[in-house]
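Me: Could you take a close look at how the helices pack against each other in this model? I would like one connected walk through the contacts, with a word on anything notable in the loops and the interior.

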Amino acid sequence: MRAHEAGWAHAEGALKGPAWLREPVDPNALVPHLWSSTAHRDDDGALRVGGMALADVVADHNTPAYVLDEADFRARARAFRDAFDDYEVFYAGKAFLCTEVARWVAEEGLSLDVCSEGELRVALAAGFDPARIGFHGNNKTTMELRHAVAVGVGRIIVDSFHEIDRLAEIAADTGRSARVMVRVTAGVEAHTHEYIATAHEDQKFGFSITAGDALEAVRRVLAADGLELLGLHSHIGSQIFDTSGFEVAARRVLALQARISDELGVTLPEMDLGGGFGIAYTTQDDPADPAQLATEMSKIVEHECRALGIPEPALSIEPGRAIVGPAMCTVYTVGTVKEVELDGGQRRTYVSVDGGMSDNIRTALYDADYSCAVASRTSAAAPTLARVVGKHCEAGDIVVKDEFVPGDVAPGDLLAVPGTGAYCRSMASNYNHALRPPVVAVRDGVARVVVRRETYDDLLATDVGVTDE
Ligand code: LLP
């Protein structure tokens, strides 16, 4: 759903907030499943994560800052690893990647999905085993493909006939073979924002099963010397709660697998069902846990393979958001609080923070919902409905559309937004020449900067017009 054309204030029910948003009895209370597992308030009311008061993290590292709960990240990675123990679990680095996180991923026994030369370089800089890397993308450049083949990336997920040709040429040129999966479009309408749904027909990813392109892609890969076909790959979208989408996709992909076996006499050893498992951003979200997902997905595959009379392929999945999303929060400082009178005399409270759409574009781009809490103190004031906005030069620069905060929220308060681990730092920009915030990892009372804050020198470093005068 997109924003109301005439602006937020015109959307139905806007001033009361959305129907799902309940006024809390105590606006200081944290809703546990929105926060990383070590988050809590101490006896003084200060919000602590990883054994550190967020106010202390801020005293050393300033705001805005992303705070990454290492124990929580590792626990979520491990939970996927353990629940999907028959699967290869690829952490999707596009959600958030830095060398430190790549090392955690390796230590927790997961593989890694990258989708660009940049992500590949970060993984390699971390010493990540290339054989455990999957390389995605609908338009990988020749340079990217060459590099992936040269370092021995474990699998390249091909997404176009041009790419198959290109990769076959590179394999022939270099005398190195490439292990390949074919990305297919299962024709599923995933229940998520249209920009992050990827298995319906009218979008750029994959080879269509129904149009016959997927089978043709398989034929061409099989015919190419130097390409080894591992199997089919399907990713239906992101922030999905309903497993029926995965069920339909698995059924269609396995039906194709059976056809390949019948018509081409080839048994594909593997199948990847992608990522996309949803997380809770607000109280309206109720995600399944990895164990539940694993049980359901394995059951579907087992059942379908039995019905089709084909052997079960080795399975893999690619969760990103569900591992890193809840592990991070963003801490901001409140700069201004403004009451705005709207048509009909109702008033909206705008709380401005020192970041915004440059560190979290998701609200503006996907109409995403977030929650927040004052991190530096508790308050006895009654809750008030607020809109948390950034400091950028546009009205759509909204971080949290609607949340109840203590009525005495004031400049200088620290405000923390949970669930910002996925697709916030990784989609951050320098809009308005903002400096991208640091990522501070916290664990057992120790805070470590794993990605530093950008500086104005960083900003000017690419501006070749700078003179010394
Ligand atoms: N595998 C493939 C092939 C993908 O394209 C993606 C995400 C994933 C795995 C991981 O999906 P996850 O488990 O993180 O949902 N920027 C958007 C999300 C874009 C997802 C892109 N692909 C957002 O902020 O919601």
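Reply: Happy to; what follows goes through the helix pairs in turn, then a loop, then the interior. Please keep in mind that this is a predicted model.

Two packed helices are described by the angle between their axes and the distance between the axes. Let's use that for each pair.

Start with helix H2, residues 70-83, and helix H9, residues 290-308, whose axes come within 9 Å and cross at roughly 25 degrees. Angles under 35 degrees count as roughly parallel, so H2 and H9 are roughly parallel to each other. Their crossing is right-handed. On the H2 side, the contact is made by Ala79, Phe80 and Ala83, while H9 brings Pro290, Ala291, Leu293 and Ala294. What classes of residue make up the contact of H2 with H9? There are 7 nonpolar residues in it, with no polar and no charged ones.

Next come helix H7 (residues 213-223) and helix H8 (residues 244-264), with axes that come within 11 Å and cross at roughly 50 degrees. An angle of roughly 50 degrees is neither under 35 nor in the range from 65 to 115, and H7 and H8 are therefore oblique to each other. H7 passes H8 in a right-handed crossing. From H7, the residues in contact are Ala214, Leu215, Val218, Arg219 and Leu222, and from H8 they are Leu256, Arg259, Ile260, Glu263 and Leu264. By class, the contact of H7 with H8 holds 7 nonpolar and 3 charged residues, and no polar ones. Among the charged residues, Arg219 belongs to H7, and Arg259 and Glu263 belong to H8.

The pair H5 and H6 can be read in the same manner. Helix H5, residues 142-151, packs with helix H6, residues 161-174, at an angle of about 45 degrees, and the axes are 10 Å apart. H5 and H6 are therefore oblique to each other, and H5 passes H6 in a right-handed crossing. Here Thr142, Leu145, Arg146 and Val149 of H5 meet Glu163, Arg166, Leu167, Ile170, Asp173 and Thr174 of H6. Sorted by class, this contact of H5 with H6 has 4 nonpolar, 2 polar and 4 charged residues.

Now for the loop between helix H1 (54-61) and strand E4 (65-69), where proline 64 has its place. The peptide bond from threonine 63 to proline 64 is cis, with omega near -10 degrees. That loop also holds asparagine 62, a residue with a positive phi of about 70 degrees although it is not a glycine.

Finally, the interior. How many cavities of 30 Å³ or more are there? The count comes to 1, and the largest cavity has a volume of about 30 Å³. Its lining consists of Gln257, Ser261, Thr267, Leu268, Ile310 and Pro311. Those lining residues divide into 3 nonpolar and 3 polar, with no charged residue. Two of the lining residues, Gln257 and Ser261, fall within helix H8, which spans residues 244-264.

Notes: Residues are numbered from 1 along each chain as its sequence is written. This is a predicted model: local features need pLDDT of at least 70, side-chain atom pairs count only at pLDDT 80 or more; totals for chains, interfaces and linings use all residues. Side-chain values use heavy atoms; hydrogens and water are left out. On a 1 Å grid over the protein atoms alone, a cavity is a set of points where a 1.4 Å probe fits but cannot get out, and a pocket is an open set with protein on both sides within 12 Å along at least five of seven lines; lining residues have an atom within 4 Å of a point. Grid points are joined across faces, edges and corners, and a volume is the space filled by probe spheres set on the points. Axes are lines fitted to C-alpha atoms, for helices over the stretch in contact, and angles run from 0 to 180 degrees between N-to-C directions. Helices (H or I, at least four residues) and strands (E, at least two) are DSSP runs, numbered from the N terminus. Angles under 35 degrees count as roughly parallel, over 145 as roughly antiparallel, 65 to 115 as roughly perpendicular and the rest as oblique. A crossing is left-handed if the near helix is turned anticlockwise from the far one by less than a right angle, and right-handed if clockwise. Contact means heavy atoms within 4.5 Å.
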